[in-house]
Amino acid sequence: MARYFFLDFDGVVCDSIPECFVSSCKAYRELILGETINAVPLRDRNLFYAYRPFIRSGEDYPLIQDMIRRGVSADSQEVFDAEIIRAGGEKMNNYGRLFYQAREEFLAQDRGYWLDLNPLFPGMADILPKVADNENFYILSTKKPPFIREILSHHGINWDIERVLYPGEKTKKEVIESVAGPGGEAVFVDDQLDHLLIASANKNIICRLANWGYVKKAWLEQKNIPVIGPGDLARLVSPFFTFV
């Protein structure tokens with residue numbers, strides 16, 4: 001059995017795309033452009049959902065809103081990453097700051113609405129309580145820990161915030177290695193292929209791509225990272241259950 005387990009949150013545990021769309025729309029249109037939002041075209045939402053697989057961290061969400069506004073399309077990770085480079089570090093940092101500001105405003109002004117935009121994927125409400133007390137089981141996410149704790153609490157799951165890891169400027173691979181230590185073994189499940197490809201360079205990290213998250217069809221067909229479904233996840237997690 002692997003010594004540690006690292007589970008992504010958005011797209012694996014939580015179906016957060018409705019919340020990310022609403023919060024990034026508020027950040028971009030209200031806080032950046034100074035607009036009043038009365039309605040959002042269905043086309044904008046559909047494009048946002050289509051570009052969601054390319055996301056690595058929070059600042060990318062307002063970038064998607066900006067791309068939609070400018071009519072820039074993205075059909076690959078490379079195209080999306082080129083837009084990040086084009087925007088530059090200062091703008092991306094500002095996107096990230098305002099995205100989290102929008103989230104905080106939603107929590108302060110309409111807490112129930114914001115939390116309801118974050119449903120858990122089927123089966124997660126059963127799995128997570130069984131590993132909530134396992135000190136070797138972590139949530140590893142680019143969503144900041146207080147928001148994850150709020151969402152899990154909303155769904156009746158008590159989780160130690162010390163085991164919600166936020167990479168910041170580090171890669172997820174680096175975070176896993178810092179916890180597992182030299183030679184430490186770990187399982188890592190994510191729905192963003194790049195995170196997994198980077199982590200798989202360490203042969204002690206068993207990487208699996210979740211097929212129920214925000215994944216591109218081509219990712220499900222690649223052969224570098226094994227793809228798993230919900231049943232596979234349950235089997236991978238079961239050795240870490242602290243109760244049944």
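Asp10, Glu19, Arg103 and Lys143 are linked in a network of salt bridges. The structure is a predicted model, and a search of the whole of it finds 20 salt bridges. The same kind of search finds one cavity of 30 Å³ or more, while the largest pocket has a volume of about 610 Å³. This briefing covers the salt bridges, the two spaces, helix α9 and two individual lysines.

**Salt bridges within helices**

- In helix α1 (residues 17–32), Glu30 and Lys26 are four residues apart and therefore separated by about one helical turn. Their side chains meet in a salt bridge, at 2.9 Å from N to O.
- Glu30 is partly exposed, at a relative accessible area of 30%, whereas Lys26 counts as buried at 8% relative accessibility.
- In helix α3 (residues 60–70), Asp66 and Arg70 are likewise separated by about one helical turn, because they are four residues apart. The side chains of Asp66 and Arg70 meet in a salt bridge with an N to O distance of 2.7 Å.
- Asp66 is buried, with a relative accessible area of 8%, and Arg70 is partly exposed, with a relative accessible area of 37%.
- Helix α7 (residues 124–131) holds both Lys130 and Asp126, four residues apart, or about one turn of the helix. A salt bridge joins the side chains of Lys130 and Asp126 at 3.4 Å, N to O.
- Lys130 is buried, with a relative accessible area of 14%, and Asp126 is partly exposed, with a relative accessible area of 45%.
- An α-helix has 3.6 residues a turn, so residues three or four places apart point the same way.

**The largest pocket**

- The lining of the largest pocket is made up of 25 residues, and those nearest its centre are Ser57, Glu59, Gly168, Glu169 and Lys170.
- Two or more lining residues are given by each of α4 (77–87), α5 (89–109) and α10.
- Helix α5 supplies the largest share of this lining, with six residues.
- By residue class, the lining of the largest pocket divides into seven nonpolar, nine polar and nine charged residues.

**The largest cavity**

- The largest cavity contains about 140 Å³ of space. It is lined by 19 residues, of which Asp10, Arg52, Arg56, Tyr61 and Thr142 are the closest to its centre.
- Asp10, one of these central residues, also belongs to the salt-bridge network with Glu19, Arg103 and Lys143.
- The largest share of the cavity lining, three residues, comes from α5.
- The lining of the largest cavity comprises four nonpolar, six polar and nine charged residues.

**Helix α9 and its surroundings**

- Which residues of helix α9 (residues 172–180) are buried? They are Lys172, Lys173, Val175, Ile176 and Ala180.
- These buried residues are on the same side of α9, because they cover an arc of only 160 degrees around the axis.
- Their packing partners include three strands, β1 (4–7), β2 (137–140) and β3 (164–165). The buried residues of α9 also pack against β4 (186–190), α10 (193–199) and β5 (205–210).
- Helix α10 thus appears both among the packing partners of α9 and among the elements that give two or more residues to the lining of the largest pocket.
- Gly181 follows α9, and its phi is positive, near 80 degrees.

**Two lysines: Lys26 and Lys217**

- Lys26 is found in helix α1 and counts as buried, because its relative accessibility of 8% falls below the 20% limit.
- Beyond its neighbours within four places in sequence, Lys26 is in contact with Leu31, Ile37, Ala102, Glu105, Phe106 and Gln109.
- Lys217 has its place in helix α11 (residues 217–221). Lys217 counts as exposed, because its relative accessibility of 63% is over the 50% limit.
- Lys217 and Gly229 are twelve residues apart in sequence, and their C-alpha atoms are 14 Å apart in space.

Technical notes:
Residues numbered from 1 in each chain as written. Predicted model: local features only at pLDDT ≥ 70, side-chain atom pairs only at ≥ 80, totals over all residues. Heavy atoms only, no water. Buried < 20%, exposed > 50% of the residue type's maximum accessible area, 1.4 Å probe, protein only. Arc of directions from axis to C-beta. Contact = heavy atoms within 4.5 Å. 1 Å grid on protein atoms, 1.4 Å probe; cavity = no way out; pocket = protein on both sides within 12 Å on 5 of 7 lines; lining within 4 Å. Points joined across faces, edges and corners; volume = space filled by probe spheres on them. Nonpolar A, V, L, I, M, F, W, Y, C, P; charged D, E, K, R; others polar. Salt bridge = Lys/Arg side-chain N within 4 Å of Asp/Glu carboxyl O.
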